[in-house]
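Thank you for asking me to look through this model before you begin working with it. My notes follow as numbered points, starting with the ligand and moving on to individual residues.

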Amino acid sequence: MTLELCIFDPDAWAERSAAALAGLITDAIAARGSCRVALAGGGTPAPVYQRLATADLDVAKVRWFWGDERAVPPDDDSSNYAMARRTLLDPIGASFDNVHRMRGELAPDAAVADYVEQLGEAPIDVMLLGMGGDGHTASLFPSTDMSGDARVLATRSPKPPPQRISLGLRAINEARVVVFLIAGAGKAARLAQVHGQITSGAAVLPAARVQPTRGRLIWLLDTAAAGNLEESP
Ligand code: 6PG
C-alpha cells in the first residue's frame, strides 16, 4: 500500500480537494457505471463539499453513504447527515433513493443493524475520512475496541455527542480509494505521529490503521496540517 500525499496551500486546499474528489468519483463511474461514496463528518469537509457541489458530476450514478454519524436526529446541528445535506446533497439535488443515511436516532443496535442492511457487501468506491486531534477517524477512537471485523459498529466518543455509529476498520479498508481530508496546524503534530506509525509498520492509532487492503490511500492536506511531516527524501 502506498500513501499518496497531496499538500496544498490553505487557501487552495478546499478547491483542489474538491477537484480531486470529483475526479475520483468520475473515474469510478467510468470504470463501473456507478460510484458509492462514504462521506466524512465533522467540520473540515464542509468547504470541500460546497465546492464539490459545483463540480460536473453524473449525480444520478452516485450513491451517498456515511463513514460515521452521531446518535442524534437527522436535523440536529451536530448531525453529519445534516452537514452533508446543507453543503452538498441539497445543492446537487441528490435523489432520496441514492442517499443512505445512518439512522442515529435509533437505538445503537437497531441503527447498526439498519446500516449493515443499507451498506450491503459491495465495497465503498470513495471513502472520505477526517482525523480528530486524538488520532481518531470516523467514530473509531483510541478507546474503541477494533479487534472485530464488524462492518458497522456502535461506539462511544470521548467528545459529545457520546453515542456514535461508525463503519468498522474492515469496511473502511475494503474501500477502493480512501481519502483523508485534513487541514489546519492543530492537526500537524498528531498527523506526523500517525504518519510515523504507518511508515514504521507500528500502526496503533485508528487513523494509522486505515491502510486499504487493495485500494489507494490518499491524504489531501493543507501545508499547515502537513507542517510536521518529514520532508520526503
Ligand atoms: C465526526 C467525524 C470525525 C471527524 C474528526 C475531525 O463525526 O466527528 O466523522 O471523525 O472527521 O473528528 O473533525 P473536524 O473535521 O471537525 O476537525
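1. The side chain of Asp68 has an N or O atom that lies 2.6 Å from an oxygen atom of the ligand. Please keep in mind, here and below, that this is a predicted model. Two lysines also belong to this part of the picture: an N or O atom in the side chain of Lys187 is 2.8 Å from a ligand oxygen, and for Lys159 the corresponding distance to an oxygen atom of the ligand is 3.4 Å.

2. How much of the ligand does the protein bury? Taken alone, the ligand exposes 410 Å², and the protein buries 88% of that area. The ligand is surrounded by 16 residues, of which the closest are Thr44, Asp68, Arg70, His136 and Ala138. The space that the ligand takes is the largest pocket.

3. Ala138, one of those closest residues, deserves a second look for its backbone, since it has a positive phi of about 50° although it is not a glycine. As a general rule, most residues other than glycine have a negative phi. Ala138 is found in the loop between strand 5 and strand 6, and it counts as buried because its relative accessible area, 12%, is under the 20% cut-off.

4. Thr137 is found in the loop between strand 5 (126-129) and strand 6 (152-156). Is this residue buried or exposed? Thr137 is buried, because its relative accessible area is 0%. Its side chain reaches the backbone oxygen of Gly130 at 2.7 Å, and, leaving aside neighbours within four places in sequence, Thr137 is in contact with Leu129, Gly130, Phe180, Pro206, Ala207 and Val210.

5. A further backbone feature to check is the peptide bond that joins Pro160 and Pro161, which is cis, with omega at about -10°. Most peptide bonds, by contrast, are trans. Pro161 has its place in the loop between strand 6 and strand 7 (163-167).

6. Finally, I would draw attention to Gln197, which lies in helix 6, a helix that covers residues 188-199. Although glutamine carries a polar side chain, what matters for this note is the computed value: Gln197 has 11% relative accessibility and therefore counts as buried. Not counting residues up to four places away in sequence, Gln197 touches Ala202, Ala203, Val204, Leu205 and Ala208.

Notes. Residues numbered from 1 in each chain as written. Predicted model: local features only at pLDDT ≥ 70, side-chain atom pairs only at ≥ 80, totals over all residues. Heavy atoms only, no water. Helix = DSSP H or I, 4+ residues; strand = E, 2+ residues; numbered from the N terminus. Buried < 20%, exposed > 50% of the residue type's maximum accessible area, 1.4 Å probe, protein only. Polar contact = N/O pair within 3.5 Å; in protein donor to acceptor, adjacent residues only side chain to side chain. Contact = heavy atoms within 4.5 Å. Near = heavy atom within 4 Å. Areas by Shrake-Rupley, 256 points an atom, 1.4 Å probe, with all protein chains shown as cover. 1 Å grid on protein atoms, 1.4 Å probe; cavity = no way out; pocket = protein on both sides within 12 Å on 5 of 7 lines; lining within 4 Å. Sits in = over half its atoms within 2 Å of the grid points.
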